[in-house]
Structures are given as structure tokens and as C-alpha cells.
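Good morning, colleagues. Please take a moment with the sequence and the structure before I begin.

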Amino acid sequence: MAPSIDGNVHRFAEHGLYNGLFLLRDEESGTFWDHLTGEAVYGPLVGSTLEVSNLRQTTVAQVLAQDPGALVALSDRAPMRTDETMSLGGLLRRTGQRLSSLFGSTVEREDNRMPTMDLGMGVWDGEEARYYSYDRVTGKGNVVLDELAGRPVVIYLDPSAYAIAVVYIDTDGTTWEEKVLYFSDGSYIEGGVFHDVSGERAQIERPHQVFTRWYGFALTFPETEIYGGPRRR
Amino acid sequence: MRSSSLNVLRPPIGTVMAITMLILSFGAPLAAQFSALVPADPNMPVKDGFDTGRAIFWAEPNFTPLRDPEWRSLQDVRRAGRVTDETTVLTFDVGGGKARAGVGPNGLPPRRSGRD
């Protein structure tokens, strides 16, 4: 979410829990916000929606490849979880767990089409949402060609970032060469950076996406489809 | 996080969001001591479908936001050895292909090679 309301920057902090996900509250108005959709859900500004855009999980090398002048903010806060717990391996090892009683108490009914703690990429564009399980993307050779909201998308697991990413691109096929993902027209993604057919760095459009647990995405987007999964009954 | 409505020269609030988002999406600390609860105010506007009866509201945040951090050159920080090429970060664009990254203690550690 961009923390700007009517041109004024507001200060946000996690202040609540709903559907097993944290709610953000802005200090200035006391309104509670859904951090995925940007919608005000409780408080004076209900009816407002903040601009949302992508927050990508990547590596220092990829950020510098995209922008050598990138700036960084280092946190000096004490860790609340261990490195191992929050690593991709740690997150994947907990896919069989259930929600804690506290978190579960804020959920009316889970969507049981996937395991609660399954890890994957949730993607949405307008009214359409789809969930790509990490296991299903890796099972397809780390790349999936699909269509979202009438537009072709490619979902891929970037080996240099160890995270799933999604881009809008029209391609007839893809090929991995080492850690480079080539598209049928010769353009490619290397180190998280898109290069056009001439090899020049270029911008590429990405749909809204969040790497998250199934339960949170499904409860936020209850009509979501599941890539390769059962249809809603 | 593309934040066209946010002044590029003043991105700290965006970074607060960047650093907290991973925890928001992946869950709470294992042994968190949560803040005191606040009851729902029946006079407060509520979005249709939002059930305040099963929402939890805390008086204080459980994660201390990182306010107004010092922004540094990522290149310089890497040269100083505080991060490596493999360190995971949350990043957002501020326009014109310029990137901002957040390296925090929660979910943003240097990746341990050979373990994942």
C-alpha cells in the first residue's frame, strides 16, 4: 500500500487481526486497513482504498542489477523470528501446520481447496484472482504460461532469487538456460531483470502479486481460482 | 511497491511497509506477547462484510514500526560487508526504474547457501 491519503502521508502499524491476517491502522485517522487490497475496513475512512502495488522479495544482487543506485534501509530491530524460520526452506517446512488458536479465532470458515499453510503466489487483476502453489510451479519446471484477466502471464521461480514472480508477457514458449529464462521472441529475464530482443534492459509489467500462505489469499479473494487445482464446489 | 503518490525524496513510510509486509503475509512470531485488546466501537463505520465480532484490535502495535530510517546506498552497504549479493530484501520501485530495498530482522536475513 502506498501510505498516502488525499496527498498526505499517514503512518501505519499493525494493530489487529482478521481472517488470520494482520490489519494495519493509520495513526492519523485511526482507520484499520486490509494490507493486501488497501481497503479501509473499520474506522472513519471506510469507503476509501489506498493505492496498492507490488513489494517484491528478491536479493541484493537483483536489486543492484535493476538499479545500481538503489537505496536501502537497514533495520536495527531485534529479530522476532530466526533466519531459519523465515527462510524459504523454513516457510516450506511449515506447510502442514494449522493456524494457531488466536489466528484461527478470526476466521469464520477456511477455504479447504488447498492446505491452510500452503505456500504460493497469489495474483490478481481487477475481479480475477488466481493462486499458484509453489509445489505446482516447481512441478512444471519452474515456469508456467497462463492467462489472467484476458492477458498472457508467465509465472516463474527465479533461481537467483528463490522466489516466484509473475510478469505480463505474450510468448509461445519459454526455455531455461542455466538461470536465464528465455521467451520465444528472444527476450529474456536474467537476475530478475527483463531484457528485450536486442538485449537491452526494459521495463516489464507485473500484475498485483503476493507470495503468501493459501489461507490468507483465499480469505481475501474468496473467488480465487487455483492453478491446476479443483474448481470451487 | 510502486508509489506514484509518494514523494520519491521522502520514502521512509514506504519502507516501514516494506519491512513489515513479510510478517503480515506469513504470520506472527512464534511466541509473541500480544498487546492488550481493544473492544470494537459500535459507532465506528464498518466495511460491508467485515465482521467486527471476530476481528481482534490491539491497543498498541506488536511490531515496532521502523520510522524515518536512514537511506543508504545499497552498493556502499554491500561493499561494507553488511549485506551480500544473496541477502534477501523486500524491494519496491519509486518510479523511473529506481528501487528502494528494506533489510530488516524479520524475514530478511542473509540467505544461507546450501540450506534451502
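I shall speak about confidence, then chain B, then the strands and cores of chain A.

What you see is a predicted model. For the complex, the predictor reports an ipTM of 0.85 together with a pTM of 0.81. Chain B deserves a separate remark: its mean pLDDT is 66, and 52% of its residues score at least 70. Among the elements of that chain, the lowest mean pLDDT, 38, belongs to helix α1 (residues 12–26) of chain B, and the highest, 96, to strand β1 (residues 56–57) of chain B. Over residues 1–23 of chain B the pLDDT stays under 50, although the model has 71 contacts there beyond four places in sequence. A second stretch, residues 105–116 of chain B, is also below 50, with 41 contacts in the model beyond near neighbours in sequence.

As for its architecture, chain B contains two helices and four strands, and from the N terminus on the order is α-β-β-α-β-β. Of its 116 residues, 40% count as buried. Taking contacts in chain B with a separation of 6 or more, 59% are between residues 24 or more positions apart.

I turn now to chain A, beginning with an open sheet. Three strands form it, in the order β11-β12-β13 (chain A), and the pairing is antiparallel. Its edge strands, β11 (143–148) and β13 (163–168) of chain A, each pair on one side only. On average, neighbouring strands of this sheet are turned by 25 degrees against each other, direction ignored. Between β11(A) and strand β12 (residues 151–158) of chain A there are six bridges, and the two run antiparallel. Within β12(A), A:P152 stands opposite A:E147.

Next, consider strand β10 (residues 128–133) of chain A. How many of its six residues are buried? Five are, so to speak of the strand as mostly covered is fair by the definition of burial, 20 or more other C-beta atoms within 10 Å. Strand β9 (residues 119–125) of chain A is joined to β10(A) by six bridges, running antiparallel, and A:M121 stands opposite A:Y132 in β10(A). The hairpin of these strands has two residues between them, and A:G126 takes a positive phi near 60 degrees. β10(A) also pairs in the parallel sense, over two bridges, with strand β19 (residues 225–226) of chain A; here A:R130 stands opposite A:E225 in β19(A).

These strands lead to the nonpolar cores. The largest has 35 residues, of which A:M121, A:V123, A:Y132, A:I155 and A:I164 touch the most other members. Elements giving two or more residues to this core include β9, β10, β12 and α6 (214–220) of chain A. A:I155 illustrates the connections: leaving aside neighbours within four places in sequence, its contacts include A:M121, A:Y132, A:V144 and A:I164. Another core, of 19 residues, lies apart from it, with A:F12, A:Y18, A:W33 and A:L45 among them. As general background, nonpolar side chains in soluble globular proteins tend to be buried together.

Finally, one residue of helix α1 (residues 60–66) of chain A, namely A:V63. Is A:V63 buried or exposed? A:V63 is buried, because 29 other C-beta atoms lie within 10 Å, and the cut-off for burial is 20 or more. Its C-alpha atom is separated by 21 Å from that of A:W176, which is 113 residues away along the chain.

Conventions
Residues are numbered from 1 along each chain as its sequence is written. Chains are lettered from A and ligands numbered from 1 in the order in which they are written. This is a predicted model: local features need pLDDT of at least 70, side-chain atom pairs count only at pLDDT 80 or more; totals for chains, interfaces and linings use all residues. pLDDT is the predictor's confidence in each residue, from 0 to 100. Two residues are in contact if their C-beta atoms, placed from the backbone, lie within 7 Å. A residue is buried if 20 or more other C-beta atoms lie within 10 Å of its own, exposed if 12 or fewer, and partly exposed in between; C-beta atoms are placed from the backbone. Two strands pair if DSSP finds at least two bridges between them. Axes are lines fitted to C-alpha atoms, for helices over the stretch in contact, and angles run from 0 to 180 degrees between N-to-C directions. A nonpolar core is a set of buried Ala, Val, Leu, Ile, Met, Phe, Trp, Tyr and Cys residues joined through C-beta atoms within 7 Å.
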